[in-house]
Amino acid sequence: MDRNSKDLRLKRDGKRRIVLPKPSSKRFYGHGIPGIDVHQLGGKLIVVEGADGSGRSTQISRLVEWLEGCGHATVQVGLKRSTLVSEELEQAKQGNILSRTTMSLFYATDFADQLENRILPGLRAGSMVLADRYIYTLMVRDMVRGMDEHWLRNLYGIALAPDAVFYLSVSPEQLVQRNFAKNFALDYWESGMDLGLSRDMFDRFLKSQALMAQHFQRLQAYYGFTIVNGDRSMDEITLELRQQIESVLSGK
Ligand SMILES: Nc1ncnc2c1ncn2[C@@H]1O[C@H](COP(=O)(O)OP(=O)(O)O)[C@@H](O)[C@H]1O
Ligand SMILES: [Mg+2]
């Protein structure tokens, strides 16, 4: 079998169809992590971004099931799951005591730890790494709090550019419903309580979401995410994500 037809060989199992991953060139956004040879990163980094309640967890677990069913090893990562600084982060969030810059650097440290200890090793092992949020959410949270976009871009120059970034775009009305269905109360940080935007909780939530969405749009123009209409049914969204990932796997 020549190389081309091997690359395009399809695995079939019932309705499932997937193309074996084709190597793609990887790059860091900026300075990256010293001593990392990007040519050794055989896996794919797929990022799912979106507001709280946009359906990231739902979609990621469906994608993991699908990918594993197709024989791909998967690794799941998310923000703030690192053991290095997460305890300190939790404490800092409780008291809202740290300065904006210190908080930014805290989150960036947490991210760097995840990148070095989970994401890069996963990719080196050839896995599909699924990230529940990435640097963009961290940047947007900081931008909303007045941090400079250029400074943040430089800070997150450490990050590997993903093979695909999907932003689940969900209307504020849907977000309110889904967050209430899930938590019965809006999360303190998602409702922008620390921003002092408005007294009314819904109003505050909507304003804060609108602000976040606005900043995401700015980042979208720079980093070029794929915007996915997240107002549709779970199945419709999964189908679109699968199709997009299939073309990532075939190197399109
Ligand atoms: N496309 C969808 N349509 C309707 N409800 C959804 C959809 N996707 C997710 N949900 C529901 O919304 C809530 C939040 O979804 P979840 O996947 O936990 O979001 P996230 O991880 O982005 O916070 C859950 O109750 C989930 O069942
Ligand atoms: Mg979730």
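Here is a walk through this structure, one selection at a time.

**The whole chain**

Start with everything on show, and keep in mind that this is a predicted model. The protein chain has 9 helices and 7 strands. Of its 252 residues, 30% are buried. Now think about which parts of the chain touch which: among contacts with a separation of 6 or more, 78% are between residues 24 or more positions apart.

**Strand E3 and its partners**

Select residues 44-50, which form strand E3. How many of its residues are buried? The count is 7 of 7, so to speak a strand that is mostly covered. In a regular strand the side chains alternate between the two faces of the sheet. Color E3 that way: Lys-44, Ile-46, Val-48 and Gly-50 lie on one side, while Leu-45, Val-47 and Glu-49 lie on the other. Both faces are covered.

Next, add strand E6, residues 164-169. E3 and E6 run parallel and are joined by 5 bridges. Two spots are handy for checking the alignment: Glu-49 sits opposite Tyr-167, and Gly-50 sits opposite Leu-168.

Add strand E5 (128-132) as well. E3 pairs with E5 in the parallel sense, again over 5 bridges. Look for Val-48 here, whose bridge partner in E5 is Asp-132.

One more strand, E7, covers residues 226-229. E7 runs parallel to E6, with 4 bridges between them, and Ser-169 stands opposite Asn-229.

**Just past E5: Arg-133**

Step along to Arg-133, in the loop between strand E5 and helix H5 (135-144). Its backbone is worth a click: phi is positive, about 75 degrees, although Arg-133 is not a glycine. Is Arg-133 buried or partly exposed? It is partly exposed, because 18 other C-beta atoms lie within 10 Å, and being buried takes 20 or more.

**Just past E7: Gly-230**

Jump to Gly-230, in the loop between E7 and H9. Gly-230 counts as buried because it has 25 C-beta neighbours inside 10 Å. Which residues does Gly-230 contact, leaving aside neighbours within four places in sequence? They are Gly-50, Ser-54, Gly-55, Leu-168, Ser-169, Val-170 and Ile-237. You have already met Gly-50 and Leu-168 as the pair that stand opposite each other in E3 and E6. Try the distance tool on Gly-230 and Gly-55: they are 175 residues apart along the chain, yet their C-alpha atoms are separated by 7.5 Å.

**Ligand 1**

Gly-55 leads us to ligand 1, as one of the closest residues around it. Arg-56, Ser-57, Thr-58 and Arg-178 are also among the closest, in a shell of 14 residues. Show helices H2 (56-69), H7 (172-183) and H9 (234-249) together, since each supplies at least two residues of that shell. Color the shell by class and you should find 3 nonpolar, 7 polar and 4 charged residues.

**Helix H4 and its kink**

Now select residues 100-124, helix H4. H4 has 25 residues and reaches 34 Å from its first C-alpha to its last, close to the expected 36 Å. Where is the kink in H4? Center the view on Leu-115, where there is a kink of about 40 degrees. Leu-115 is also one of the buried residues of H4, which include Met-103, Tyr-107, Phe-111 and Leu-123. An α-helix has 3.6 residues a turn, so residues three or four places apart point the same way. After H4 comes Gly-126, with a positive phi near 85 degrees.

Stay in H4 and pick out Ile-119. Ile-119 counts as buried because it has 23 C-beta neighbours inside 10 Å. Beyond its neighbours within four places in sequence, Ile-119 is in contact with Leu-45, Val-77, Gln-114, Val-129 and Leu-160. Leu-45 belongs to strand E3, where we began. As for Val-77, it is 42 residues from Ile-119 in sequence and 7.4 Å away in space, C-alpha to C-alpha.

**Last stop: helix H8**

Finish with residues 201-223, helix H8. At 1.5 Å a residue its 23 residues should span 33 Å, and the end C-alpha atoms are 32 Å apart, which agrees. Highlight Phe-205, Ser-208, Gln-209, Phe-216 and Leu-219 to see the buried residues of H8. Gly-224 follows H8, and its phi is positive, near 70 degrees.

How values were computed: Residues numbered from 1 in each chain as written. Chains lettered and ligands numbered in written order. Predicted model: local features only at pLDDT ≥ 70, side-chain atom pairs only at ≥ 80, totals over all residues. Expected span 1.5 Å × (residues − 1). Bend = angle between axes of the 7 residues up to and from the residue. Buried ≥ 20, exposed ≤ 12 C-beta atoms within 10 Å, placed from the backbone. Near = placed C-beta within 6 Å. Nonpolar A, V, L, I, M, F, W, Y, C, P; charged D, E, K, R; others polar. Contact = placed C-beta atoms within 7 Å. Pairing = 2+ DSSP bridges.
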